[in-house]
Amino acid sequence: MNRIITLGEHIIQTQTEHKYATGELSALLSALRLSAKVVNAEINKAGLVEDIMGSVGSQNVQGEDQQKLDIYAHRIFIEALEMREVVCGVASEEEDSFIAFDSEKSKNGKYVVLIDPLDGSSNIDVNVSVGTIFSIYHRKSPQGTSATLEDFLRPGTSQIAAGYVLYGSSTMMVMTTGEYVNGYTYDPSTGVFFLSHPRFQIPKTGKIYSINEGNYPFFDKKVRDYIKYVKEDDQSTGRPYSSRYIGSLVADFHRNMIKGGIYLYPGTTFRPEGKLRLLYECNPMALLIEKAGGKATDAHQRILEIQPRQLHQRCPLFIGSADMIDEAMGFIKTP
Ligand code: P6P
């Protein structure tokens, strides 16, 4: 029988391979692991406990209705990260500005975290999978001082770790802290994440495309030409492809990681920059996909090379199997 490795053991095992590891990143990842378990328990009660369903009547900086569980998840992750005192600050989708932790120990923390605490949360009321997405950097500002905006406005190539939690038919944590992407499946009977997908690789190609075709009239002609192409009847190239769109980035991304596929959230005439946020959605997913052998682009450059200007800036996202991205960029690439 294969030795079962828990997430905690695997963090220690992979971290001790780094000769300068001090255990602080392990403590940070442990805070994310704990928060994922707590949020998972609450999500699984949605529908049973009236007061956690629906929206709170406020909107986040994106102008999106904040769901009760959005705020709950945000609070759980922020508090867990602050408690560990290895992070000097956090930027969250649910807060207009970044949060600089003010304890002396936190100010000495080496890391900053950017997070979408509950992505796809509008799906909770209809029992569809949702997720948490996180991105971790070494701070730029000197230890012993408060976090600054420059700690967060970083290209994705500088991430030292990134990952997501998928609260789905089973709850999984998928992350990279170095060379590989590893997937861990949660066992609710023991309250433990176990390594289930070591050294995750996305298939080089696939036959699934994920896009909200309801926006078709508002896409650039290049995107519309690509969508027409994937729907043509040409068995020699395996077309038409299958359309799969859950409306939850983490769920669509995870399915494509396993089966191969492409996820597209292009710009539109009413929102040329697209909907997804660069820092805590596109960058972490782009790091994961490249480490897993796939590609991620805004149709002009690698997502990871975009130099951020604002905390909540959006960017178009084309992400998935390398050959499918290349095929799509044959239609969509912009100079
Ligand atoms: P649309 C959820 O709000 C999200 O940020 C992603 O998780 C998801 O892929 C996308 O937006 C869905 O957007 O416009 O298709 O409803």
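Which side chain meets Glu-79 in a salt bridge? The close-up views below start with that pair and come from a predicted model.

**View 1. Glu-79 and Arg-75 pair up within helix H3.** The partner of Glu-79 is Arg-75, and their side chains meet in a salt bridge with an N to O distance of 3.7 Å. Both residues belong to helix H3, where they sit 4 residues apart, so about one helical turn separates them. Glu-79 is partly exposed, with a relative accessible area of 41%. Arg-75 is partly exposed too, at 40%.

**View 2. Helix H2 packs against helix H3.** Here we stay with H3 (residues 68–84) and bring in H2 (residues 24–43): their axes come within 9 Å and cross at roughly 155 degrees. An angle over 145 degrees counts as roughly antiparallel, and H2 and H3 are therefore roughly antiparallel to each other. The crossing of H2 past H3 is right-handed. On the H2 side, the residues in contact include Ala-27, Leu-28, Leu-34, Val-38 and Ile-43. Among those they meet on the H3 side are Leu-69, Tyr-72, Ile-76, Phe-77 and Arg-84. Sorted by character, the residues of this contact divide into 16 nonpolar, 2 polar and 2 charged.

**View 3. Arg-302 reaches Glu-290.** The side chains of Arg-302 and Glu-290 meet in a salt bridge, at 2.7 Å from N to O. Arg-302 lies in the loop between strand S14 (295–297) and strand S15 (317–320), while Glu-290 lies in helix H7 (residues 278–291), so the pair ties together parts that are 12 residues apart in sequence. Arg-302 is partly exposed, with a relative accessible area of 32%, and Glu-290 counts as partly exposed at 26%.

**View 4. Asp-326 and Lys-295 link a helix to a strand.** In this salt bridge, the closest N and O atoms of Asp-326 and Lys-295 are 2.7 Å apart. Asp-326 belongs to helix H8 (residues 322–332) and Lys-295 to strand S14, so their pairing ties together parts that are 31 residues apart in sequence. How accessible are the two partners? Asp-326 is partly exposed, with a relative accessible area of 40%, and Lys-295 also counts as partly exposed, at 34%.

**View 5. Salt bridges that share partners form a network.** Our last stop takes in three residues: Glu-93, Arg-277 and Glu-281 are joined into one network by salt bridges with shared partners. Across the model, the count comes to 15 salt bridges. Side chains of opposite charge can pair when their charged atoms come close.

Notes
Residues numbered from 1 in each chain as written. Predicted model: local features only at pLDDT ≥ 70, side-chain atom pairs only at ≥ 80, totals over all residues. Heavy atoms only, no water. Axes fitted to C-alpha atoms, helices over the stretch in contact; angles between N-to-C directions. Helix = DSSP H or I, 4+ residues; strand = E, 2+ residues; numbered from the N terminus. Parallel < 35°, antiparallel > 145°, perpendicular 65-115°, else oblique. Left-handed = near helix turned anticlockwise from the far one by under 90°. Contact = heavy atoms within 4.5 Å. Nonpolar A, V, L, I, M, F, W, Y, C, P; charged D, E, K, R; others polar. Salt bridge = Lys/Arg side-chain N within 4 Å of Asp/Glu carboxyl O. Buried < 20%, exposed > 50% of the residue type's maximum accessible area, 1.4 Å probe, protein only.
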